[in-house]
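Colleague: Could you take a close look at one loop for me and walk me through what its side chains are doing? A connected account would be great.

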Amino acid sequence: MAQVTAVNISERKRGYQHMIKGTITSINISKEKGVVKTPVDTAICKCDHGIVGDAHAGNWHRQISLLADESVDTMRDICPLELDAGIFAENINTRGIELKT
């Protein structure tokens with residue numbers, strides 16, 4: 001589990017920045033689209049590309065996808081299946097970072 005001590009979130013439209021704290025609980029990649037992603041220990045993120053080695057990387061709108069573990073917890077409460085990291089094809093699972101707004 002990777003601890004994020006500070007993430008700089010820029011909101012240029014409003015002209016301010018603020019810092020948030022949270023945890024990356026999993027980094028996940030897949031070589032092909034349409035399959036469950038597999039957790040990895042480390043990843044290289046490339047600007048205007050995404051995670052090196054991931055099928056969704058490239059010059060398009062979905063380079064890196066994030067999913068809050070809190071959202072997965074909601075699904076775990078109602079779903080009898082094992083919902084491991086990467087099952088929703090997300091690249092990064094987080095905890096303690098508001099991603100829904």
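Modeller: Sure, here is a walk through two residues of one loop, with a quick word on the aromatic rings at the end. Keep in mind that this is a predicted model.

Let's start with Glu90, which is in the loop between α1 (69–78) and β7 (92–95). Glu90 has a relative accessible area of 3%, and with the cut-off for buried at under 20%, that makes it a buried residue. So what does a buried Glu side chain find to talk to? For one, the side chain of Glu90 comes to 2.6 Å from the backbone nitrogen of Gly86. For another, the side chains of Glu90 and Asn93 make a polar contact of 3.0 Å. If you skip the neighbours within four places in sequence, Glu90 is also in contact with Asn28, Lys37, Ser65, Leu67, Asp84 and Ala85.

Now to Phe88, which sits in the loop between α1 and β7 too. Phe88 comes out as partly exposed because its relative accessible area is 40%, and that class runs between 20% and 50%. Leaving out residues up to four places away in sequence, Phe88 touches Leu67, Val72, Met75 and Leu83. Take Val72: it is 16 residues from Phe88 in sequence, and the C-alpha to C-alpha distance is 9.2 Å.

As for the rings, the count of aromatic pairs is zero by the rule used here. There is a charge over a ring, though: Lys33 lies over the face of Trp60, 4.5 Å from the ring centre.

Terms used: Residues are numbered from 1 along each chain as its sequence is written. This is a predicted model: local features need pLDDT of at least 70, side-chain atom pairs count only at pLDDT 80 or more; totals for chains, interfaces and linings use all residues. Side-chain values use heavy atoms; hydrogens and water are left out. Helices (H or I, at least four residues) and strands (E, at least two) are DSSP runs, numbered from the N terminus. Buried means under 20% relative accessible area, exposed over 50%, partly exposed in between (1.4 Å probe, protein chains only). A polar contact is a pair of N or O atoms within 3.5 Å; within protein, one must be able to donate a hydrogen and the other to accept it, and residues adjacent in sequence count only if both atoms are side-chain atoms. Contact means heavy atoms within 4.5 Å. Rings of Phe, Tyr and Trp (its six-membered ring) pair if their centres lie within 6.5 Å; planes under 30 degrees apart count as stacked, over 60 as edge-to-face and the rest as tilted. A charge sits over a ring if NZ of Lys or CZ of Arg is within 6 Å of the ring centre and within 35 degrees of the ring normal.
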